[in-house]
Structures are given as C-alpha cells and as structure tokens.
Amino acid sequence: QVQLVESGGGLVQAGGSLRLSCAASGIIFSINVMGWYRQAPGKQRELVATITSAGSTNYADSVKGRFTISRDNAKNTAHLQMNSLKPEDTAVYYCNANLLVSLTSRYREVWGQGTLVTVSS
C-alpha cells in the first residue's frame, strides 16, 4: 500500500517559520498532484496548496505570499515552507497525493496521518 509520511510540525511563535515534509512510499507509477490541507478545531478541512508533477502551484488566499509548496518528483516528496506564521494557521496539516500505482490502475487518493502545527501569539 502507498503511504504518505509527514514530518516537520511543531510549535512556533507568530512570525516564525516551519517546513513540512511529506514522503510517499510504496509501489508508485506516478503522482499527478500533491497537496497540503489543514483542519482546525471546529472547522472543515481546507486546501492549503497543491502542486502538479509539472510544477504548477495553487494556493489558498489565506496563505498566498507566505507559504510555498514544492516537490521532488524523483524522491516522491513534497514540502510546505511556511513563513510569517499566524495563530490562525494553527491546525493539523495533512499531506495528500493523487497517484497511479501502475499504468493501468485507477487514480487513487492517499492521505497522510496529519501533523500538528501550533502557532503561539
């Protein structure tokens, strides 16, 4: 089974930075899109940023200009550089990948376990 393993979460002061990492493992033919989502207590899970295999990116308005998503296709990894963090960024951050395990397989959605980011004021 394909798994996504996340790392980099933690506690940081407002204005600080964190870098989240996501590594996909298992039998993978290709990864179309990788993304980061987050969910704060009492709120719906929301998209933070996505990146295609070609490098096209998309960001939520709330993080645009502060966060940067990147990926290494050879390593099947994605990263989220978070700068100028705000208390409202506090949430569990989830890595997501849309991928193929073989050329003839269907696309499948895989989620990481989530990593907690806490921003103190």
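Here's a quick rundown of the local features in this structure, from the disulfide to the largest pocket. Keep in mind that the model is predicted. One disulfide turns up in the count, one aromatic pair is present, and the largest pocket holds about 150 Å³ of space. Arg45 sits over two rings, those of Tyr94 and Trp111, and two loop residues have a positive phi, Asn76 and Ser84.

**The disulfide**
- Cys22 and Cys95 are the partners, with 2.0 Å between their sulfur atoms.
- That S–S distance falls within the 2.5 Å cut-off, so the pair counts as a disulfide.
- The link of Cys22 and Cys95 is left-handed, at -85° about the S-S bond.
- Cys22 belongs to strand E3 (residues 18–25) and Cys95 to strand E9, so the bond ties together parts 73 residues apart in sequence.
- Both Cys22 and Cys95 are buried.

**Arg45 and its rings**
- Arg45 lies over the face of Tyr94, 3.7 Å from the ring centre.
- Arg45 also lies over the face of Trp111, this time at 4.8 Å from the ring centre.
- Both distances, 3.7 Å for Tyr94 and 4.8 Å for Trp111, are to be read against a cut-off of 6 Å.

**Aromatic pairing**
- As for ring against ring, the structure has one aromatic pair.
- In general, such a pair is described by the distance of the ring centres and the angle of the planes.

**Positive phi in the loops**
- Most residues other than glycine have a negative phi, so positive values are worth a glance.
- Asn76, which isn't a glycine, has a phi near 55°.
- You'll find Asn76 in the loop between strand E7 (67–72) and strand E8 (77–82).
- Asn76 counts as partly exposed because its relative accessibility is 21%, and the buried class stops under 20%.
- Ser84 is another non-glycine residue with a positive phi, near 50°.
- Ser84 is in the loop that runs between E8 and strand E9 (91–100).
- With a relative accessible area of 42%, Ser84 is partly exposed too.

**The largest pocket**
- The space in the largest pocket comes to about 150 Å³.
- Its lining is made up of 13 residues, and the closest to the centre are Arg38, Lys43, Glu46, Glu88 and Asp89.
- By class, the lining of the largest pocket splits into seven charged, four polar and two nonpolar residues.

Key
Residues numbered from 1 in each chain as written. Predicted model: local features only at pLDDT ≥ 70, side-chain atom pairs only at ≥ 80, totals over all residues. Heavy atoms only, no water. Phe/Tyr/Trp six-rings, centres within 6.5 Å; stacked < 30°, edge-to-face > 60°. Lys NZ or Arg CZ within 6 Å of the ring centre and 35° of its normal. 1 Å grid on protein atoms, 1.4 Å probe; cavity = no way out; pocket = protein on both sides within 12 Å on 5 of 7 lines; lining within 4 Å. Points joined across faces, edges and corners; volume = space filled by probe spheres on them. Nonpolar A, V, L, I, M, F, W, Y, C, P; charged D, E, K, R; others polar. Helix = DSSP H or I, 4+ residues; strand = E, 2+ residues; numbered from the N terminus. Buried < 20%, exposed > 50% of the residue type's maximum accessible area, 1.4 Å probe, protein only.
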